[in-house]
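Here is a quick walk through one structure, written for someone who likes to know how the strands are laid out before setting anything up. Have the viewer open as you read.

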Amino acid sequence: MEAAHRVVIVGGGFAGLYAALTLKHVPVQVTVVDRRNFHLFQPLLCQVATGGLSPGDIAAPIRAVLSRCRNAHVMLGEVVGFDPARREVRLSDGTIAYDTLIVAVGARHHYFGHPEWHGWRGCSSICCIWSSSRTACSCSSSGRGTT
Ligand SMILES: Cc1cc2nc3c(=O)[nH]c(=O)nc-3n(C[C@H](O)[C@H](O)[C@H](O)COP(=O)(O)OP(=O)(O)OC[C@H]3O[C@@H](n4cnc5c(N)ncnc54)[C@H](O)[C@@H]3O)c2cc1C
């Protein structure tokens with residue numbers, strides 16, 4: 001029997017999840033790799049930062065989101081590189097072989113050519129659960145909360 005075509009998707013954000021969901025009925029074997037075990041709904045990070053929502057409200061386990069995709073499985077791992085010649089994704093603790101690779105690792109904030117602004121006088125980015133929660137804590141301890 002011929003081995004299934006292996007699709008590796010790096011990133012369980014919007015792009016990675018939609019790619020996996022789109023392949024739901026395609027006869028391929030999908031592996032979604034993410035450094036986190038949850039999908040984060042980033043547009044609501046500001047509500048967490050201002051104390052309107054709790055972190056759990058905007059995070060969902062990637063396994064749960066893809067539970068109906070019978071051809072997909074989820075792997076927790078930090079991707080550190082790619083070896084296109086060998087068709088392998090390099091993880092901090094191993095490798096995964098692929099036939100087709102989808103890289104959906106998102107984007108990072110930037111400071112318009114001023115990396116030194118990062119962390120300057122409380123100028124922080126709201127890009128993850130931890131930074132949002134930290135902002136909510138610092139707002140409430142300084143009396144700047146929304147309520
Ligand atoms: C505060 C905030 C508000 C926003 N509001 C809006 C909005 O109102 N409307 C809108 O359209 N967009 C909004 N966006 C933008 C939107 O959230 C992003 O465009 C979208 O999340 C990008 O999806 P993505 O799948 O490309 O990346 P992401 O959602 O960032 O997903 C990338 C995934 O890759 C994983 N990953 C990254 N590197 C590695 C690695 N080395 N190894 C393993 N896994 C890795 C991450 O853990 C993550 O799960 C907002 C963003 C932020 C930060």
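What follows covers the two sheets and then the surroundings of the ligand.

## What kind of model this is

Keep in mind that this is a predicted model. Residue numbers count from 1 along each chain as its sequence is written.

## The parallel sheet

Start with the open sheet of four strands, which has parallel pairing and runs in the order β5-β2-β1-β9. At its edges stand β5 (72-76) and β9 (100-103). Each of these has a single partner strand, so one side of each is left without a neighbour in the sheet. From one strand to the next, the twist averages 20°.

Now look at the pair β1 and β2. Strand β1 covers residues 5-10 and pairs with β2 in the parallel sense, over six bridges. If you want one bridge to find on screen, take V10, whose partner in β2 is V33.

## The antiparallel sheet

The other sheet to look at is open too, with three strands in the order β6-β7-β8 and antiparallel pairing. Here β6 (79-83) and β8 (94-97) are the edge strands, each pairing on one side only. Neighbouring strands in this sheet are turned by 25° against each other on average, with direction ignored.

How many bridges join β6 to β7? There are four, and β7 spans residues 88-91. Two of the partnerships are easy to pick out: G81 is bridged to R90 in β7, and F82 is bridged to V89 in β7. Between the strands of this hairpin sit four residues, and R87 takes a positive phi near 55°.

So is β6 well covered or hardly covered? It's hardly covered: of the five residues in β6, the count of buried ones is zero.

## Around the ligand

If you're here for the ligand, its shell is made of 22 residues. The closest are G11, G13, A15, Q42 and G106. By character, the shell divides into 12 nonpolar, six polar and four charged residues.

Which elements give two or more residues to this shell? They are α1 (14-22), β2 (28-34) and α2 (45-49). The most comes from α1, which gives three residues. Strand β2 therefore turns up twice in this report: β2 contributes to the shell, and β2 also has its place between β5 and β1 in the parallel sheet, in the order β5-β2-β1-β9.

Terms used:
This is a predicted model: local features need pLDDT of at least 70, side-chain atom pairs count only at pLDDT 80 or more; totals for chains, interfaces and linings use all residues. Two strands pair if DSSP finds at least two bridges between them. Axes are lines fitted to C-alpha atoms, for helices over the stretch in contact, and angles run from 0 to 180 degrees between N-to-C directions. A residue is near a molecule or strand if its C-beta atom, placed from the backbone, lies within 6 Å of it. Ala, Val, Leu, Ile, Met, Phe, Trp, Tyr, Cys and Pro count as nonpolar, Asp, Glu, Lys and Arg as charged, and the others, Gly among them, as polar. A residue is buried if 20 or more other C-beta atoms lie within 10 Å of its own, exposed if 12 or fewer, and partly exposed in between; C-beta atoms are placed from the backbone.
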